[in-house]
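The following exercises concern one protein chain. Each opens with a task and continues with a solution in steps.

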Amino acid sequence: MQKRENYLQELSRMREEINRLVESALMGLGLESSGALPAGAWLPPMDVVEEDDHFQFLVELPGVEADQIQCAIRDGVLEISGNRVQPLSEGESFRRMERIYGPFRRTVELKQPVDEAGLTTVFEQGILKVTVPRTGESA
C-alpha cells in the first residue's frame with residue numbers, strides 16, 4: 001500500500017508542476033492572468049477566436065453540469081470557473097481512475113475594450129461557447 005501512496009503523491013506533484021508550466025507559458029503569450037492552479041484543480045482546453053466585432057472562447061467541459069459553471073468579466077479579465085463533480089455513489093470505489101474531477105478556473109486578460117454586459121454563453125454537448133462583443137473603439 002505504501003508504494004501506491006508514493007505513486008499517487010508523485011503523480012499529484014507532477015500534475016501540479018505541469019499545470020504551473022502550462023500557466024507560465026500561457027501567461028507569456030498574454031493569454032492567462034493568474035499563476036499556478038490550486039491543488040486538485042484541472043485546466044480545461046480552450047480555443048480563442050478573435051473576430052472584427054467580438055471574441056469567442058470555446059471551452060471543453062465534458063461531464064460538467066451547466067449549473068456548475070460561472071462566467072464573468074471583471075476589470076478586463078474574463079474568468080470561466082466551475083467544478084466537475086465525481087459521479088461516485090455511496091459504497092462504490094474505483095479500481096482505476098484516469099479522469100480528473102474537481103474545480104477549474106481559466107482567466108483571459110482581454111487587453112481591448114469590450115462590452116462586459118454583452119457577454120453571452122451557450123453550453124451544448126460539453127462545449128461552452130462564450131461570446132464577448134468588442135466596443136465601438138475596437139470593433
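**Exercise 1. Determine what share of the chain is buried, and describe its surface and contacts.**

Step 1. Buried residues, meaning those under 20% relative accessible area (exposed is over 50%, partly exposed in between; 1.4 Å probe, protein chains only), account for 30% of the 139 residues in the chain. The model is predicted, so local features need pLDDT of at least 70 and side-chain atom pairs count only at pLDDT 80 or more, whereas totals for chains, interfaces and linings use all residues. Residues are numbered from 1 along each chain as its sequence is written, and side-chain values use heavy atoms, with hydrogens and water left out.

Step 2. The accessible surface, computed by the Shrake-Rupley method with a 1.4 Å probe, comes to about 9,300 Å². Carbon and sulfur atoms contribute 49% of that surface.

Step 3. A contact means heavy atoms within 4.5 Å. Among contacts between residues at least 6 apart in sequence, 55% join residues at least 24 apart.

**Exercise 2. List the secondary structure elements and work out how the strands pair.**

Step 1. Helices (H or I, at least four residues) and strands (E, at least two) are DSSP runs, numbered from the N terminus. The chain has 1 helix and 7 strands, in the sequence pattern α-β-β-β-β-β-β-β.

Step 2. Two strands pair if DSSP finds at least two bridges between them. An open sheet of 3 strands has the order β3-β4-β5 with antiparallel pairing. Its edge strands are β3 (69-74) and β5, each of which pairs on one side only. From one strand to the next, the twist averages 15° (axes are lines fitted to C-alpha atoms, for helices over the stretch in contact, and angles run from 0 to 180 degrees between N-to-C directions).

Step 3. Within this sheet, β3 and strand β4 (residues 77-84) run antiparallel and are joined by 6 bridges. A72 has E79 in β4 as its bridge partner.

Step 4. Turn next to strand β2 (residues 54-60), where 5 of the 7 residues are buried. A hairpin through 3 residues connects β1 to β2, and 5 bridges join these antiparallel strands. Strand β2 is also joined to strand β7 (residues 127-133), by 7 bridges in an antiparallel arrangement. V59 of β2 stands opposite M46, and the bridge partner of V59 in β7 is L128.

**Exercise 3. Explain why the pair formed by W42 and F104 is classed as tilted, and locate both residues.**

Step 1. Rings of Phe, Tyr and Trp (its six-membered ring) pair if their centres lie within 6.5 Å; planes under 30 degrees apart count as stacked, over 60 as edge-to-face and the rest as tilted. The whole structure contains 2 aromatic pairs. In one of them, the rings of W42 and F104 have centres 5.1 Å apart and planes at 55°, so the pair is tilted.

Step 2. W42 lies in the loop between α1 (2-28) and β1 (46-50), and F104 in strand β5 (residues 102-109), so that the pair links parts of the chain 62 residues apart.

Step 3. W42 is buried because its relative accessible area is 6%. F104 is buried as well, because its relative accessibility is 4%.

**Exercise 4. Is F94 buried, partly exposed or exposed?**

Step 1. F94 is located in the loop between β4 and β5.

Step 2. The relative accessibility of F94 is 37%, so F94 counts as partly exposed.

Step 3. Leaving aside residues up to four places away in sequence, F94 touches Q86 and L88.
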